[in-house]
Each structure stands twice: as structure tokens, then as C-alpha cells.
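Me: I would like to go through some of the terms used for this structure and see how each one is justified. Please set every value against its definition.

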Amino acid sequence: MSEPPRFDRGHTDDLMSFLAASPTPYHAVANAAERLEKAGFRQVAETDVWDGTAGGKYVLRGGAIIAWYVPEGATAHTPFRIVGAHTDSPNLRVKPRPDSGAHGWRQVAVEIYGGPLLNSWLDRDLGLAGRLSLRDGSTRLVNVDRPLLRVPQLAIHLDRSVGSEGLKLDKQRHMQPVWGMGDDVRDGDLIAFLEETAGLPSGEVTGWDLMVHSVEPPAYLGRDRELVAGPRMDNLLSVHAGTAALAAVANRGADLTRIPVLAAFDHEENGSQSDTGADGPLLGSVLERSVFARGGSYEDRARAFAGTVCLSSDTGHAVHPNYAERHDPTHHPRVDGGPILKVNVNNRYATDGSGRAVFAAACDKANVPFQSFVSNNAMPCGTTIGPITAARHGIRTVDIGVAILSMHSARELCGANDPHLLANALVAFLDG
């Protein structure tokens, strides 16, 4: 059996390109699909009849993608190996009536999505991107990737309390970006601008899902370029690694004993309860249809699910040099220390001892070090798609990821080696 390919710093270079090209979940899944197409995968429509032929296939729905590779000789009850991730990140999203303004400033009305670090969006050059819905029912991606918007911070001279009490931001009053000057604010101006940008006729857009993004590109940082600063690492870092790993193991063909899957969902940052979220039916529907397309029965579906394992890959917290007391004193994950295994006995993460053994075996096979993460007992613990996936589908699930700083900032920070270490571990897991 041939050895699967190994990723190196070139993977991190490619991650930075992926982050820059994916300002929204819709762009992220389109870019992942393009990479899978180059690896021989083909898109299947949910409204079509599926066949049980071998090869790589994927489904796109909004900001989610489910991709899988059926090797030659796979049976109807062949279990799956799933890498789970999410495509969304906390940000500012455009409201249904976007055109606003006051005192000679033209502004865009935005709503807060997820739990962003609001201060990280201040005084930053921002672009606008997303999905436009057209009169004929089709959609069009749009990306204004230049300085278009800005959320201006109040000068300290006008708020001396900042120095003593810290910055306090009202989500409604203080986070509306400016994008021009003038008193003649008219409904429809922003959408007309985007129609022109996208080369669409006036009045063609009848719906939109638009969000703000920083236009500053990802960059290597540090004396030896050992760090990477960039947007949306939570959680496009995992989406990129999972896509690369799936494409790599698909080249193994008949050597595979399980069906490798990438499941990248939207709406994790606000609870996953949508038709494209992990708490929706998408993953279960795709896996079941794959079983049935290969001539399987409900018994085959049950057998396949019983042997399935999912790695829920999401970013976690590296120990912060300025706030080390906020971390568990015996668990201090470091950047470039390898991927983290995330544990919480109250099931905020899905990992248990048997799951740890699965991940440890994959890391050992890939010759990749890994670290353990657990929250400080006095701090509330975040959660992921892991417990949702385990509970909804009865699939053994393990929570892992990469340790970063500045999580939920407009610009996050990771080690330059961790992305390819994660990808190598995912290859070993999917290949297992």
C-alpha cells in the first residue's frame, strides 16, 4: 500500500490564499468545491436520483458542502470516516434595509452575527461580500474586496472614560459602518451598487446575504515568520485542511477500507440550527442516500453508522502569554505544538477515551504530535458541532483542532506549522 502524500509549509501558503479568497461561507464552499473538482470529484444535485458508482462526489447547499469518496469494492455497509468543520465566522451582516446615514454620512445598516470581538472591527478597512439572489431563482456571488466600509472609533478626546473604564460598545449605535458622504440617503443604493459591481441589470437582485470582511490579506508574522495572522481561521483553517486531506486520500482509490467524508456546515457560530447547520438533516440525508444508492437497506445504514467516526475539527485556545491564568494550569496548548484534542466531561466537546485512542492512532501514523485542551474549571467552556453530530446521528465523534490566539477577532493568529500538521493527521484518519 502506497504512503499518502504529506503536507508542508506549502499547505500553509495555500491556506492563506484560501482565506483571502473566502470572505463568506458561500465563497468558502465554492472554493472547496473547485479544489475537489480538480481532484476528480463531481457535484450531484439533491433533486436528482443518485447512483452507487465509485468515485468522489459532493453536495452544495448554501454555505455548506458535504463531499465523499466511494472506493471500488465498497459495500452498502462500509462505514464512513468524517472530518467535520464549519464555514461561518463571527462578523457584521447587512440588514434587509441596508441604506442609512446621519449628519452627512452615508452608512450601511448591519446586524451582529455570532460573537465577534467588536473592537477588532473598528478603524479597519472593510470590504463587502456574499450571495445575491436573482429574480429567476438563481444566485450570484459578489465580492467587493477593496476598502469600501469603515466603523470609525470615537476619539479619546470625546470619551475620556475609555482610559479608566475601558471601551464600551453598543451593538446598535456604535457598529454601523460608513461608506460615503451625503444627506440624500435612498433605499436601494447599496444593492444598486452591488448589481453594477456584479454586472447585473438594475432591479435584478431580490434578496441578499451580505457580510463585511477585512481586506487586509493574511500574512506571515514574527522574526522567523513562524506565525500566521489572518481572518476567519475559525474555522476555515479546518475546512481547508479537510478539503486537502479528502482530495489526497481520494487518490488512494481501492486501498481505502472506509468512505472518507468532508462535512463543512454553516451557522455553527449561532447554534447550528438551520438547513445548512450541523443540527439540520443534511449530513444524515447525504450519508443515508449514499448507502441506499449502493443498494443498501436500513440494516446496512445502521451497520455503516455504527462503524463511523467523525473528527469535529475546530480551532481552540492557545495559552495566552498575557492571560495565562485564564487557562487550566496543567493544560497549556502552544502554537506549532500540533493539533489539540479537546475534552470536556460535561459534553461541551464530544471526545471520550475511545475517541482519544482513534485520534492518537491517526497522529502516530502521521508522525504528528498532539496536545490536550481542557478549560479552566472557573471558566465557561465553548462548544462545537461535535456533540451535535454525535447526538443527532449516533456517530462516535472526537473534537480536535488547532490552537490559536485572538479567536473571534477580525484577524486571528496561529502557528505557521500547525495547519499542515492538522492536515497530515486528517489524511491519516481518513486513510485509516
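Me: What makes the lining of the largest pocket 15 nonpolar, 16 polar and 7 charged residues by class?

Reply: Ala, Val, Leu, Ile, Met, Phe, Trp, Tyr, Cys and Pro count as nonpolar, Asp, Glu, Lys and Arg as charged, and the others, Gly among them, as polar; on that basis the lining of the largest pocket divides into 15 nonpolar, 16 polar and 7 charged residues. This is a predicted model, in which local features need pLDDT of at least 70 and side-chain atom pairs pLDDT 80 or more, while totals for chains, interfaces and linings use all residues. Residues are numbered from 1 along each chain as its sequence is written, and side-chain values use heavy atoms, leaving out hydrogens and water.

Me: Which residues lie nearest the centre of the largest pocket?

Reply: Gly316, His317, Pro380, Gly382 and Met407 do, out of 38 lining residues, where lining means having an atom within 4 Å of a pocket point, and a pocket is an open set of points on a 1 Å grid where a 1.4 Å probe fits, with protein on both sides within 12 Å along at least five of seven lines.

Me: Why are α5 and α10 called oblique to each other?

Reply: Helix α5 (residues 233-250) and helix α10 (residues 418-431) pack at an angle of about 45°. Angles under 35 degrees count as roughly parallel, over 145 as roughly antiparallel, 65 to 115 as roughly perpendicular and the rest as oblique, and α5 and α10 are therefore oblique.

Note on methods. Axes are lines fitted to C-alpha atoms, for helices over the stretch in contact, and angles run from 0 to 180 degrees between N-to-C directions. Helices (H or I, at least four residues) and strands (E, at least two) are DSSP runs, numbered from the N terminus.
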